[in-house]
Amino acid sequence: MKNILAPALAACAFTLSAQQVMTPELLWDLSRVSLETVSPDGKNFIYGVSQYNTEDNSSNRDLYLMGTDGKSKKQLTDMEGSEYGATYLMGGSKIGYSHKGQFHIMNLDGTERKQLTNIEGGISNINAYDLPDGRIALVFSKSVKLEKTTADLYPDYTKAEAVVIENLMYRHWDSWSDADYNHVCIAYANEGDENISFYTDLMEGEKFDAPVNPFGGSESFTLSPDGKSVVYEAKKMSGKEWAQSTNSELYMVDLSTGKTTNITEGMEGYDKEPKFSPDGSKLAWMSMKTPGYESDVNDIIIMNVATGEKTHLLQATNKYDEMTFQSFAWKDNNTIFAGVPTNGSNHIYQITYSSKGVDYKKVTKGDFNYNHFEIAGKSLIVDRQDMNHATEVYNVSLKKGEAKQLTRENDEMYGSLSTSNVEKRMVKTSDGKEMLTWVIYPPNFDETKKYPTLLYCQGGPQSQVSQFYSFRWNFQLMAAKGYIVVAPNRRGLPGFGREWNEEISGDWGGQSMDDYLAAIDDVSKESYVDETKLGAVGASYGGYSVYYLAGNHNKRFSAFISHCGLFDLENWYLTTEELFFANQDLGGPYWMPENKETYSKFDPKDYVQNWDTPILVIHGGKDFRVPEAQGMAAFQAAQLRGVPSKFLYFPNEGHWVLNPQNGLIWHDQFFGWLDQWLKD
């Protein structure tokens, strides 16, 4: 083991005057901050603050204005409901925003608010642009009914609840498919207009969705600076083909003729988030080249709009095996800033692109997640978080990389809390490699005591264990409850090169499980870890990991918690929706001879005979990615085996728990179970 960040652990045995620690209730009281946009002159930025009310199970989001120097905070909106998508218009003299499914406009100080659109049924994912002729263009998505529902087919049976299904993708993540499709549309307005209802559907009659469900948003389409073209992302296929493909394409629409051109023909992975350069001569987007692989390397493609010539940044600079992108933005016609997962944190790089070559410069530094960012002259205005702090907005100097905190929505609360020490630990894996593992210690940690310890199993399976601040899987809260948390960046996570990221595909129960055990075994050697009080917790693939470890842990653990985990891989293959994921990670259908070994070796249900450790199973009734029967089967197996077990079921939650009061119950049961089995 090699400790590369934390000071001597003796330094952790300190006592703060503030005795309060994080609780589930305080977690819900935190303001949830997110950056919106920066003014054209770079002097101000707009951000949103969401507040949750657990008593009435609701949330509200308002918009605020602040100088990029951290001064002159002003609340812009205080309306019933939430405001999103703020953008500067009319040369920076007005602010547009979305509210209750329509687009609104106001003065820079928040006065004279008015509703600009009144489109029947509402609109979403609104992007607003100044046009060269002085008008405003709104590009947005709108739900359009193109098919008959069962109720339409049987109008006399008004109390029937039947659904007739003829093809796959009849449900997705947490929603049942219906007769409606989301289409990209455009509308135009002048500053003095109100209640505009006319718009043009750029996909009229097409039975396809744009943005691509379920996570696509306003980043999925864009308007050229001259206002003549819209580029949008769509996956124009259906049924089994849709379920087994990641081939989303980018389509360019000539607004004068309506002609639509597929500009990514022959590129068979995901192509997404198109953005024009400031002068419109280039179009960039993120692209995955491997068909069916949702966690492939994200390259940035730069296309010359006039010639169609494409440059693949990572491939062109021999960095394809080292990096992957998660976001980007143009600064000028030859400079791009990009978010890059980097060794357990999210950082921002400056990429200078010209005929002479490509230059990469890491802008941000430290063990933080730098997420959404906007460019403001010589600075970046950026959302930043770490394991002890929810998101706040920072100003990052492009020259020195120094970060200055701008918003302080949660300073008062954090000022009253004893926080955790976070150690960055390098662990030797069973195959001789070095694995970055985060270790989070309880507030006021005392190395002379012994602590129960949790192994955190990451979901995804390919999503980095970074300096994220989750409002469910919150390491600060786990540590505040008196647990040491061990969070390894096991095999199959980005930020450590392509090889490390890809080694989990086809090997779910192999090296990644050995990596988990290497991490917990390494930390368990410390005198302050109670080896008789170890637990393993996780969700999704992390929940699968818990089920698998429950049958293969060699009596290391005394308690398990699995949230929305995969328990029976054969049944899961036949009930999940995005089959491209299962085809990539498990090789395809279990009945194919070449896949039988994968299913037989790595299926948790086949090790139930070894289960002997208390387990809490959590599942949502609207989780269609990992359907509820997976949790029910695991709980029933534990009960029949005589293993102490509990089933926490949320009928109206999906893969995540989003309802505030459900969230409080989740945490109460989560820590109640751990305390029952890991504390005296």
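**Loops, helices and cores in a predicted model**

Let me start in a loop: Asn-444 sits between strand E33, which covers residues 434–440, and strand E34. Everything I say this morning refers to a predicted model. Asn-444 has a positive phi of about 55°, although it is not a glycine, and with a relative accessibility of 25% this residue counts as partly exposed.

There is another non-glycine residue to set beside it, namely Ser-540, whose phi is also positive, at about 60°. Ser-540 belongs to the loop that runs between strand E36, residues 529–539, and helix H9. Is Ser-540 buried or exposed? Its relative accessible area is 15%, and because the cut-off for buried is under 20%, Ser-540 counts as buried.

That loop brings us to helix H9 itself, which is mostly covered, since 10 of its 10 residues are buried. Among those buried residues are four tyrosines that you can pick out on the screen, Tyr-541, Tyr-544, Tyr-547 and Tyr-548, together with two glycines, Gly-542 and Gly-543.

Now, how does H9 sit against helix H8? The axes of H8, residues 511–524, and H9, residues 541–550, come within 11 Å of one another and cross at roughly 80°. Given that angles of 65 to 115 degrees are taken as roughly perpendicular, H8 is roughly perpendicular to H9. On the H8 side the contact is made by Ser-512, Met-513, Tyr-516 and Leu-517, and on the H9 side by Tyr-541, Tyr-544, Ser-545, Tyr-548 and Leu-549. Sorted by class, the contact between these two helices has seven nonpolar residues, two polar ones and no charged ones.

From there I would like to move to the cores. The largest nonpolar core has 62 residues, and those with the most contacts inside it are Leu-455, Trp-508, Tyr-544, Trp-611 and Ile-615, so Tyr-544 of H9 appears both here and in the contact with H8. Trp-611, leaving out residues up to four places away in sequence, touches Tyr-547, Ala-550, Gly-551, Phe-567, Ala-634, Ala-638, Arg-641 and Val-643. Apart from this core lies another, of 45 residues, which includes Ala-390, Trp-438, Ile-561 and Ile-618. As a general remark, nonpolar side chains tend to be buried together in soluble globular proteins.

Trp-438 comes up once more when we look at Val-485, a residue of strand E35, which spans residues 484–488. Val-485 is buried, at 0% relative accessible area. Beyond its neighbours up to four places away in sequence, Val-485 touches Trp-438, Val-439, Ile-440, Leu-454, Tyr-456, Phe-475, Met-478 and Ala-479. The C-alpha atoms of Val-485 and Val-523 are separated by 9.8 Å, with the two positions 38 residues apart along the chain.

Another enclosed element is helix H11, residues 579–586, in which seven of the eight residues are buried, so that the helix is largely enclosed by the rest of the structure. The buried residues of H11 pack against three helices, H3 (239–243), H10 (569–575) and H12 (596–602). Just after H11 comes Gly-587, which takes a positive phi of about 95°.

A longer-range example is Gln-661, found in helix H14, residues 660–678, and partly exposed at 35% relative accessible area. Gln-661 and Ser-58 are 603 residues apart in sequence, yet 9.5 Å apart from C-alpha to C-alpha. Setting aside neighbours within four places, Gln-661 is in contact with Thr-54, Glu-55 and Asn-57.

What about disulfides, and how many are there? The count comes to zero. Cys-457, buried at 0% relative accessibility, is in no disulfide, and its nearest cysteine sulfur, that of Cys-564, is 15 Å away, which is too far for a bond. Cys-564 likewise counts as buried, at 1% relative accessibility.

I will finish with the cis peptide bonds. One joins Asn-213 and Pro-214, with omega about 0°, and Pro-214 lies in the loop between strands E15 (200–201) and E16 (221–223). Another runs from Gly-460 to Pro-461, with omega near 0°, and Pro-461 is placed in the loop between strand E34 (451–457) and helix H6 (475–480).

Terms used
Residues numbered from 1 in each chain as written. Predicted model: local features only at pLDDT ≥ 70, side-chain atom pairs only at ≥ 80, totals over all residues. Heavy atoms only, no water. Axes fitted to C-alpha atoms, helices over the stretch in contact; angles between N-to-C directions. Parallel < 35°, antiparallel > 145°, perpendicular 65-115°, else oblique. Contact = heavy atoms within 4.5 Å. Nonpolar A, V, L, I, M, F, W, Y, C, P; charged D, E, K, R; others polar. Buried < 20%, exposed > 50% of the residue type's maximum accessible area, 1.4 Å probe, protein only. Core = buried A, V, L, I, M, F, W, Y, C linked by side-chain atoms within 4.5 Å. Disulfide = S-S within 2.5 Å.
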